[in-house]
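Hi,

Here is the structure I said I would pass on. Have a look at it first, and then read on for what turned up in it.

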Amino acid sequence: MVEVTSDKLGAAKVSSSKRKATKQLMLDAARDLVLERGHDRISIEEITDRAKVSKGTFYNYFGTKQDVFAAVAQALKARLAADLVKTTDPIKDPAMKVAITLKFYFYQSLDNQDWREFTRFTGLTGLYLEQDTAERVEDLQWGIKAGRFKGDNVYFTDSLISGMFRHVLSENDQGPLAREACEYAIRSILQMLGLPEIVAKALTQTRLPPI
C-alpha cells in the first residue's frame, strides 16, 4: 500500500491551485480582448501574450480559440449563478424562489452588456444565460413536494419552461422587448405550475432583492 504523505498532498494542492490561476489568466485575457476588439481580430498568440503564458500552455487547457471563448462564457454564467444562490438560498417559498430566479436571469440576459457583447462577438448566441437544468428541476421538485406546484413529469415541465425562456430571449434579439414581456412570461410559467393568476401576478411583481 502506497502511503500518501502530507508533503505530497500539499504539493498536489499547490499544483491544482496554480493550474486554476493559470487558466483564469487566459480566461480573463480572452474576455478582455474580445470585448475590446471582437473575436475575429484576436489570435491565440495575443491571448497568451496578454496572459503572459506560453502557447504550449494554452493547448494544455484548450483545443481551439473557440474552446476558451466557451469557457469564458461558462465562467461568467457560473459567477452570476453563485451570486444568485446567496440571495435565494434563504427563501422558504419555492414559488417565490422560482419567480425571483426567472426574473434575475431574464433581466441579466437583457441588461448584462458584457454577456450580450461577448456571446455576440464570439458566435455563442446559442448559449443562453439561464438557470442550469439540474437546479431548476430541483426547485420544481421542491415546489411539488411542498404542494405549491402541480406536475406529473417534472422534466417535461422543465423543458417547457426552458423553451418559453429561450423564446422570449430570441424575440428580444429581433428587437428590444418591454419589461412587460418578461413579466408576462414569468406569470405564465407560474400559472402553468398551478398557481392562481392573482398569486402568480403578485410574485411576478416582487422586486428583485440586491444580488
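The lining of the second largest cavity splits into four nonpolar, one polar and three charged residues. The residues in question are Q24, L27, D28, R31, V72, A75, L76 and R79. Two helices, α1 (6-37) and α4 (65-88), each contribute at least two residues to that lining. The volume of this second largest cavity is about 50 Å³. Please keep in mind that this is a predicted model, and that goes for everything below too.

How many cavities of 30 Å³ or more are there? The count is two. The largest cavity holds about 80 Å³ of space. Its lining is made up of V98, T101, L102, Y105, E130, Q131, R136, D139 and F165. The elements that put two or more residues into this lining are α5 (94-111) and α7, and α5 gives the most, with four. Sorted by class, the lining of the largest cavity comes to four nonpolar, two polar and three charged residues.

Two of those lining residues have some extra detail, so to speak: Q131 and T101.

Start with Q131. You'll find Q131 in the loop between α6 (113-122) and α7 (133-145). Is Q131 buried or exposed? Its relative accessibility is 12%, so Q131 counts as buried, the cut-off being under 20%. The side chain of Q131 makes a polar contact of 3.0 Å with the side chain of D139. If you skip the neighbours within four places in sequence, the residues in contact with Q131 are T101, Y105, R136 and D139. Each of these four also appears in the lining of the largest cavity.

Now T101, which sits in helix α5. T101 has a relative accessible area of 4%, so this residue is buried as well. Again leaving out neighbours within four places in sequence, T101 is in contact with L84, T88 and Q131.

On to the pockets. The largest pocket has about 260 Å³ of space. It is lined by 14 residues, and the closest to its centre are S109, R116, T119, T125 and D173. The elements giving two or more residues to the lining of this pocket are α6 and α8 (154-174). Which element gives the most to the lining of the largest pocket? That is α6, with six residues. By class, the pocket lining divides into five nonpolar, five polar and four charged residues.

There is also something to look at around α2. K52 lies in the loop between α2 and α3 (55-61). K52 is not a glycine, yet it has a positive phi of about 60 degrees. As background, most residues other than glycine have a negative phi. K52 is also exposed, given its relative accessible area of 73%.

D49 is found in helix α2 itself, residues 44-51. With a relative accessibility of 57%, D49 counts as exposed, because the cut-off for that is over 50%. D49 and M26 are 23 residues apart in sequence, and their C-alpha atoms are 9.3 Å apart in space.

Finally, the whole protein. There are ten helices and zero strands, so to list the elements from the N terminus on, you just write α-α-α-α-α-α-α-α-α-α. The C-alpha atoms fill a box of roughly 60 × 55 × 30 Å along the principal axes. Of the 211 residues, 38% count as buried. The accessible surface comes to about 12,200 Å², and 52% of that belongs to carbon and sulfur atoms. Looking at contacts with a separation of 6 or more, 67% are between residues 24 or more positions apart.

If you open the model, you could begin at Q131 and its 3.0 Å polar contact with D139, then go on to K52 with its positive phi.

Cheers

Definitions and conventions:
Residues numbered from 1 in each chain as written. Predicted model: local features only at pLDDT ≥ 70, side-chain atom pairs only at ≥ 80, totals over all residues. Heavy atoms only, no water. Buried < 20%, exposed > 50% of the residue type's maximum accessible area, 1.4 Å probe, protein only. Polar contact = N/O pair within 3.5 Å; in protein donor to acceptor, adjacent residues only side chain to side chain. Contact = heavy atoms within 4.5 Å. 1 Å grid on protein atoms, 1.4 Å probe; cavity = no way out; pocket = protein on both sides within 12 Å on 5 of 7 lines; lining within 4 Å. Points joined across faces, edges and corners; volume = space filled by probe spheres on them. Nonpolar A, V, L, I, M, F, W, Y, C, P; charged D, E, K, R; others polar. Areas by Shrake-Rupley, 256 points an atom, 1.4 Å probe, with all protein chains shown as cover.
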